[in-house]
Amino acid sequence: MLTYYSDDHHLHHGSCELIDGQLLPCFEKPQRAEHILARVNERGLGEVRAPKDFGRAPLARIHSPAYLDFLEGAWARWQAQGGQGDLLPYTWPARTLRQQLPSSLHGQLGYYSFDAGAPITAGTWQAAYSAAQVALSAQAQIAAGAHSVFALCRPPGHHAAADVMGGYCYLNNAAIAAQAFLDQGRAKVAILDVDYHHGNGTQSIFYRRNDVVVASIHGDPAAEFPFFLGYADECGEGAGEGCNFNYPLPAGSDWATWSAALGQACQRIAESGAEVLVVSLGVDTFKDDPISQFKLDSPDYLRMGERIEALGLPTLFVMEGGYAVEAIGVNAVNVLEGFEGA
């Protein structure tokens with residue numbers, strides 16, 4: 001299986017995030033991608049290529065131009081103000097406040113964020129931009145006839161909405177790739193999100209559309225981040241009604257419970273008529289993940305890959321979460337090897 005990867009991910013290395021009432025070292029760190037790449041090479045999965053640059057236009061098919069401008073220019077504005085350290089929001093336009101874009105940097109940062117888990121650093125824009133190019137380069141290979149390709153993206157993307165960042169995510173790599181398939185002539189695309197945390201950004205982007213089917217298996221948002229999206233009754237609206245499927249599961253779910261949900265999600269995808277599949281590949285469902293509560297073990301990821309392959313669709317894997325750094329490479333590559341060996 002061909003892998004796309006960019007060293008630019010090292011440019012984004014946040015020093016802290018706000019979690020449990022404290023500013024703590026970021027769980028989303030460069031070592032995540034390094035371990036996955038090392039495992040790809042160790043297992044001889046296939047060639048690793050640097051991405052091509054498709055420019056900003058494909059990003060603007062998903063994200064608003066104003067949001068992209070903000071994200072690209074935020075660090076320079078912070079430096080011009082004499083800012084020190086990472087740029088993190090401290091106020092948000094909650095339900096009782098006006099949804100108004102302020103002129104100040106901090107006001108805009110709150111407007112374009114939904115949490116304090118996505119710090120902006122000097123290299124954040126370039127890292128996120130390159131991650132999107134990784135996804136687009138892998139998508140181009142699928143479009144050209146490849147059956148499967150792995151986009152080793154970092155930072156991840158599935159929490160990023162059209163004009164909102166959060167949850168370690170800035171640009172929605174999976175959504176950008178799905179839109180590229182549509183723009184190039186595919187009639188319907190499916191996105192299967194297997195990350196522990198619900199891909200609220202992906203859902204919101206496609207919620208009122210019927211050309212992308214989104215299925216997500218995740219921790220119950222009544223108790224788990226992102227809390228405010230990902231419930232089972234969210235099935236799409238308008239043209240998108242019946243195109244969104246959520247499978248929230250309780251803490252402690254093991255492979256038997258999780259795989260039953262995977263079977264249901266795959267059945268929905270099979271019935272949808274999707275021509276191509278994008279997998280938001282999070283492996284924070286692992287039993288030892290420090291911020292997640294499922295109980296999957298490393299061999300389970302081989303079986304996950306086998307079940308996904310049974311759909312028989314051209315499949316683009318886009319890397320998302322997974323924070324048990326020592327095991328992330330084994331678990332991510334097990335999915336890919338299970339898919340390839342099925």
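These legends accompany three close-up views of a predicted model.

**View 1. Helices H1 and H10 pack against each other.** Welcome to the first close-up. Helix H1 covers residues 31-42, and helix H10 covers residues 325-341. Their axes lie 8 Å apart and form an angle of about 45 degrees. Angles under 35 degrees count as roughly parallel and those from 65 to 115 as roughly perpendicular, and H1 and H10 are therefore oblique to each other. The crossing of these two helices is right-handed.

**View 2. Residues of H1 meet residues of H10.** Here we look at the side of each helix that takes part in the contact. From H1 come Gln31, Arg32, His35, Ile36, Arg39 and Val40. Their counterparts in H10 are Val325, Glu326, Ile328, Gly329, Val330, Ala332 and Val333. Sorted by character, the residues of this contact comprise 7 nonpolar, 3 polar and 3 charged.

**View 3. Strand S5 is covered on both faces and is joined by bridges to S1 and to S10.** Now let us turn to a strand, S5, made of residues 148-151. Ser148 and Phe150 are on one side of S5, Val149 and Ala151 are on the other, and all four are buried. In a regular strand, side chains alternate between the two faces of the sheet. Strand S1 (residues 2-4) runs parallel to S5, with 3 bridges joining the pair. To find one of these links, start at Thr3, whose bridge partner in S5 is Phe150. Strand S10 (residues 315-319) also runs parallel to S5, and 4 bridges join them. Here Ala151 has Val318 in S10 as its bridge partner.

Technical notes:
Residues are numbered from 1 along each chain as its sequence is written. This is a predicted model: local features need pLDDT of at least 70, side-chain atom pairs count only at pLDDT 80 or more; totals for chains, interfaces and linings use all residues. Side-chain values use heavy atoms; hydrogens and water are left out. Axes are lines fitted to C-alpha atoms, for helices over the stretch in contact, and angles run from 0 to 180 degrees between N-to-C directions. Angles under 35 degrees count as roughly parallel, over 145 as roughly antiparallel, 65 to 115 as roughly perpendicular and the rest as oblique. A crossing is left-handed if the near helix is turned anticlockwise from the far one by less than a right angle, and right-handed if clockwise. Contact means heavy atoms within 4.5 Å. Ala, Val, Leu, Ile, Met, Phe, Trp, Tyr, Cys and Pro count as nonpolar, Asp, Glu, Lys and Arg as charged, and the others, Gly among them, as polar. Buried means under 20% relative accessible area, exposed over 50%, partly exposed in between (1.4 Å probe, protein chains only). Two strands pair if DSSP finds at least two bridges between them.
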